[in-house]
Amino acid sequence: KRTDDKAAHKVTKEKAAIATAALTMDAASVIYTGEQNKKWRLPKSRLSAKHPLASFRIAREVATERDFLNAYGTFYELPARNTGGIAKLRAVATHDRYVHDFCSYRGLLVLSGVDTAKTDNKHIIKSDDGKAAVWVGAIDDAWKIGKPRGHGGPWLDTAVKASTPSDPYLMTGYDKKSLTLSSDTATNITAQVDLTGTGNWVNYQSFQLKAGKTVDYTFPSEFQAYWIRFSSDKDTKASAQLSYK
């Protein structure tokens, strides 16, 4: 029901303001900036490149010690800081929807951004004037919205310094993973993985690249790691892009 409670509106805007600095995007991928200005990279979905990241809710607690992160069309489970935080991020579902805001209410998950013309979905609740609608369901229903998928990586025609690792790029929660590498000079690029989300990086595989040539690689179906990053043995302009299907 519509309300004109100006005091409540003021408190909501002050106490539940949408963060605008933590989530950005460049040509390579979505970027989450955490503590100490550390960058963590996430896949893009099929949403338009004009997706207004800055005006959308990024993260909220949806159950006790259980947060969701909504990043460019995908929901992620974001653990509390005392259980790993962003380093233990896990993909839940790729929804490819403009979910402007979300929250929990009496044990239910509430999503905004719903088409008010929809009438045949029992999860959708409309306002009495028909001008607004929300989706309401169990928190675990989020896992049914769509299989995690996406594309991106830490580099896309990026100026790379020799022996300087890229930002970490998320791998966990996805399958059917493939990699495309390229460089404008001959170089050796090493893929490193953090298997446990604890910052213990190990070499996975090295790829010998010729100038201007592309190398494609498909990860084994059973392979899993939390994060992946790349390092070149020479200064170059390189791309490291992954596809999750």
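Two strands pair if DSSP finds at least two bridges between them. Keep that in mind while looking at this predicted model, where strand β14 (residues 177-183) and β19 pair in the antiparallel sense over seven bridges.

## The overall picture

Let's start with the whole thing. The protein has 245 residues, and 43% of them count as buried. Its secondary structure is made up of one helix and 19 strands. The C-alpha trace spans about 65 × 35 × 30 Å along its principal axes.

How much of the contact count comes from residues 24 or more positions apart? Taking the contacts with a separation of 6 or more, such residues account for 67%.

On the outside, the protein exposes about 13,400 Å², and carbon and sulfur atoms supply 51% of that area. As for charge, there are 36 positive and 26 negative side chains. The centres of these two sets lie 2 Å apart.

## Strand β19 and its partners

Now back to β19, which covers residues 236-244. Is this strand mostly covered or mostly open? It is mostly covered, with seven of its nine residues buried.

We have already met β14 as a partner of β19. Within that pairing, L179 stands opposite L242 in β19. Strand β12 (residues 150-160) also pairs with β19 in the antiparallel sense, over seven bridges. Here G150 stands opposite Y244 in β19.

Here are three of the pairings side by side:

| Strands | Sense | Bridges |
|---|---|---|
| β14 (residues 177-183) and β19 | antiparallel | seven bridges |
| β12 (residues 150-160) and β19 | antiparallel | seven bridges |
| β8 (residues 102-105) and β9 (residues 108-111) | antiparallel | four bridges |

## What sits inside

The largest nonpolar core has 41 residues. Those with the most contacts inside it are L42, L69, Y76, L89, I228, F230 and L242. Which strand gives the largest share of this core? That is β19, with four residues. L242 turns up here again, as one of the residues with the most contacts in the core, and in β19 it is the residue that L179 stands opposite.

Y76 is another name from that list, and it's worth clicking on. Leaving aside its neighbours within four places in sequence, Y76 is in contact with residues including L42, L69 and L89. Its contacts also include P43, D67, R90, L170 and Y174.

There is a second, separate core too, with 15 residues, among them L109, L111, I124 and I139.

## A hairpin and two unusual residues

Next, look at β8 and β9. These strands form a hairpin with two residues between them, and they pair in the antiparallel sense over four bridges. The bridge partner of Y105 is L108 in β9.

One of the turn residues, R106, has a positive phi of about 50° although it is not a glycine. R106 is found in the loop between β8 and β9.

D96 has a positive phi as well, near 50°, and it is also a residue other than glycine. Where is D96? Its place is in the loop between β7 (90-94) and β8.

What about their surroundings: is each one buried or exposed? D96 counts as buried because its relative accessibility is 13%, and buried means under 20%. R106 counts as exposed because its relative accessibility is 74%, and exposed means over 50%.

Conventions. Residues numbered from 1 in each chain as written. Predicted model: local features only at pLDDT ≥ 70, side-chain atom pairs only at ≥ 80, totals over all residues. Heavy atoms only, no water. Buried < 20%, exposed > 50% of the residue type's maximum accessible area, 1.4 Å probe, protein only. Contact = heavy atoms within 4.5 Å. Areas by Shrake-Rupley, 256 points an atom, 1.4 Å probe, with all protein chains shown as cover. Lys, Arg positive; Asp, Glu negative; His and termini not counted. Charge placed at Lys NZ, Arg CZ, Asp CG, Glu CD. Core = buried A, V, L, I, M, F, W, Y, C linked by side-chain atoms within 4.5 Å.
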